[in-house]
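I opened the notebook to go through this chain one element at a time. Below are my entries, in the order I looked things up.

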Amino acid sequence: MQQPRVYEIVFWLKDDAENNLEESMQSVIEKSPSGKLIFTSRPTKKRLAWPIQKAHEGYFGFFVASLLPETVVNFKKNFERDPNILQLEIFQTANKKSGL
């Protein structure tokens, strides 16, 4: 069985996105096998450097989480389809940063 790895999940939400989208993302992480939130940053409204999907402002937020690699693939597939997410990126980070 694979070991959990530490990932940084970075996202931009539409200006008029539902507030519960962030909680939905957190819930998926916490309910996944071996999923653990290490750090969360509440989305804050910011002006985009360039338009994404014709939006000029959005809510920027990120999580640092320990997840299994297959969970990350499913997470990205599920949330990429959400029309309220302007951009979603997931990066693997070094485990030494999180103390795992």
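What follows goes from the sheet to the helices, then to rings, cores and a few single residues.

**Entry 1: the sheet**

I noted up front that this is a predicted model. I began with the strand order. The sheet is open, has four strands and reads β2-β3-β1-β4, with antiparallel pairing. I checked the edges next: β2 (36-52) and β4 (85-92) each pair on one side only. Ignoring direction, neighbouring strands are turned by 20° against each other on average.

Then I went through the pairings. Strand β1, residues 5-14, is joined to β3, residues 55-67, by 10 bridges, and the two run antiparallel. I looked up Y7 as a sample position and found A65 in β3 as its bridge partner. On the β2 side, 10 bridges join β2 to β3, again antiparallel. There I picked S41, whose bridge partner in β3 is F62.

How many residues lie between β2 and β3 in their hairpin? I found two, and Q53 in that turn has a positive phi of about 50°.

**Entry 2: the helices**

I turned to what sits against the sheet. Helix α2 (residues 69-80) lies across β1, β3 and β4 and runs at about 170° to β4. For helix α1 I looked at two residues.

Q26 has its place in α1. Is Q26 buried or exposed? Its relative accessible area is 16%, so I wrote it down as buried, given that the cut-off for buried is under 20%. Leaving aside neighbours within four places in sequence, Q26 is in contact with L37, T40 and F63.

S24 is also placed in α1. I got 31% relative accessibility for S24, so this one counts as partly exposed. I also took a distance from S24 to F79: 9.8 Å from C-alpha to C-alpha, with their positions 55 residues apart in sequence.

**Entry 3: the rings**

I ran through the aromatic pairs and came to five. In the pair W12 and F60 the ring centres are 5.2 Å apart and the planes make 55°, so I filed the pair as tilted. The two residues come from distant parts of the chain, W12 in strand β1 and F60 in strand β3, 48 residues apart.

I compared the accessibility of the two partners. W12 is buried, at a relative accessible area of 16%, whereas F60 is partly exposed, at 23%.

The next pair I wrote down was F75 with F79, which is tilted as well: 4.8 Å from centre to centre and 45° between the planes. Both residues lie in helix α2, four residues apart, about one turn of the helix. I have F75 as buried, with a relative accessible area of 2%, and F79 as buried too, at 7%.

Which residues do ring pairs link into a cluster? I listed W12, F39, F60 and F62.

**Entry 4: the cores**

I moved on to the nonpolar cores. The largest has 17 residues, and I9, M25, F75 and L88 touch the most other members. I checked where its residues come from: β1, α1, β3, α2 and β4 each give two or more. The largest share, four residues, comes from β1.

I followed M25 outwards. Leaving aside neighbours within four places in sequence, M25 is in contact with F11, F63, F75, F79, I85 and L88. Apart from the largest core I found another one, of five residues, among them W12, I52, A55 and L86.

**Entry 5: a loop serine**

My last stop was S32, found in the loop between α1 and β2. Is S32 buried or exposed? At 10% relative accessibility, S32 counts as buried. I looked for what its side chain reaches, and the answer was the backbone oxygen of I29, at 2.7 Å. Leaving aside neighbours within four places in sequence, S32 is in contact with L67 and T71.

Conventions
Residues are numbered from 1 along each chain as its sequence is written. This is a predicted model: local features need pLDDT of at least 70, side-chain atom pairs count only at pLDDT 80 or more; totals for chains, interfaces and linings use all residues. Side-chain values use heavy atoms; hydrogens and water are left out. Two strands pair if DSSP finds at least two bridges between them. Axes are lines fitted to C-alpha atoms, for helices over the stretch in contact, and angles run from 0 to 180 degrees between N-to-C directions. Contact means heavy atoms within 4.5 Å. Rings of Phe, Tyr and Trp (its six-membered ring) pair if their centres lie within 6.5 Å; planes under 30 degrees apart count as stacked, over 60 as edge-to-face and the rest as tilted. Buried means under 20% relative accessible area, exposed over 50%, partly exposed in between (1.4 Å probe, protein chains only). A nonpolar core is a set of buried Ala, Val, Leu, Ile, Met, Phe, Trp, Tyr and Cys residues joined through side-chain atoms within 4.5 Å. A polar contact is a pair of N or O atoms within 3.5 Å; within protein, one must be able to donate a hydrogen and the other to accept it, and residues adjacent in sequence count only if both atoms are side-chain atoms.
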